[in-house]
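Reader: I am new to reading protein models, and I would like to go through one slowly with you. Could we take a feature at a time, with the general idea coming before the case?

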Amino acid sequence: MELVKSLVSQLGVTSEQAEGGAGAIFRLAQQRMADDQFVQVAYATPAVSDLMAKAPPFVAGSRGGLVGWVGKFFGGLGSLRPLAPAFRQIGLSDQDVRPFVKAVCEYVDQQERPDASALLRRALQ
């Protein structure tokens, strides 16, 4: 999988961490999108269902509202906080969440499907 290879190379993680982290990100995005929107993201990202199956379980919850925005503003994870427990389960830290999300979004950007990229970024804001 190109995405996994890219994450391993770019972030210095193992293949298992790349798969689990990317899968958790896509699972969170799916929970925050309408089905027809997520289909566009899945179409732009080969093997997304395989990645999601390798993600550790977590509870997505809400986007965080004002508390999430304030946390993000002051360097916290904000609306990405639901990813932290999943990342910890695969041996990564809270500080790894944002670089992972950025790398996954950049990968989707490169797939020449701007609608999918915009939908993914919006879901992860």
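Reader: Let me start with a single residue: does F100 count as buried or exposed?

Author: This is a predicted model, and in it F100 has a relative accessibility of 1%, so F100 counts as buried, the cut-off for that word being under 20%.

Reader: With which residue does F100 form an aromatic pair, and how is such a pair described?

Author: In general, a pair of aromatic rings is described by the distance of the centres and the angle of the planes. Here the structure holds 1 aromatic pair, formed by F87 and F100, with 5.0 Å centre to centre and 85° between the planes, which makes the pair edge-to-face. The pair links distant parts of the chain, since F87 belongs to helix α6 and F100 to helix α7, and the two residues are 13 apart. F87 has a relative accessibility of 0%, and therefore F87 counts as buried.

Reader: Where do the nonpolar residues gather, and which residues have the most contacts inside the largest nonpolar core?

Author: The general idea is that in soluble globular proteins, nonpolar side chains tend to be buried together. In this model the largest nonpolar core has 39 residues, and those with the most contacts inside this core are F26, L83, L120 and L124. Two or more residues each are given to the core by α1 (2-11), α2, α3 (35-44), α4 (48-53), α6, α7 (97-109) and α8 (114-123), and the largest share, 8 residues, comes from α7.

Reader: Which residues is F26 in contact with, once its neighbours within four places in sequence are left aside?

Author: F26 is found in helix α2, and with a relative accessible area of 0% this residue is buried. Leaving aside the neighbours within four places in sequence, F26 is in contact with L3, F38, V41, T45, V48, L51, M52, V104, V108 and L120. One of these contacts can be followed along the chain as well, for F26 and F38 are 12 residues apart in it, while their C-alpha atoms are separated by 9.0 Å. L83, treated in the same manner, is in contact with A24, I25, L28, F58, V97 and V101.

Reader: Now a polar residue: where does S79 lie, and what does its side chain reach?

Author: S79 lies in the loop between α5 (65-73) and α6 (83-89), and its side chain reaches the backbone oxygen of Q125 at 2.4 Å. Because its relative accessibility is 6%, S79 counts as buried.

Reader: How many helices and strands does the protein chain have, and what share of its residues counts as buried?

Author: The protein chain has 8 helices and 0 strands, and of its 125 residues 46% count as buried. Among contacts between residues at least 6 apart in sequence, 63% join residues at least 24 apart. The chain exposes about 6,600 Å², of which carbon and sulfur atoms supply 54%.

Reader: Which element has the lowest mean pLDDT, and which the highest?

Author: Among the elements of the chain, α5 has the lowest mean pLDDT, 44, and helix α2 (residues 15-32) the highest, 97. The chain as a whole averages a pLDDT of 87, with 85% of the residues scoring at least 70. Over residues 62-75 the pLDDT stays under 50, and for this stretch the model has 16 contacts beyond four places in sequence.

Key. Residues numbered from 1 in each chain as written. Predicted model: local features only at pLDDT ≥ 70, side-chain atom pairs only at ≥ 80, totals over all residues. Heavy atoms only, no water. Helix = DSSP H or I, 4+ residues; strand = E, 2+ residues; numbered from the N terminus. Buried < 20%, exposed > 50% of the residue type's maximum accessible area, 1.4 Å probe, protein only. Polar contact = N/O pair within 3.5 Å; in protein donor to acceptor, adjacent residues only side chain to side chain. pLDDT = per-residue confidence, 0-100. Contact = heavy atoms within 4.5 Å. Areas by Shrake-Rupley, 256 points an atom, 1.4 Å probe, with all protein chains shown as cover. Core = buried A, V, L, I, M, F, W, Y, C linked by side-chain atoms within 4.5 Å. Phe/Tyr/Trp six-rings, centres within 6.5 Å; stacked < 30°, edge-to-face > 60°.
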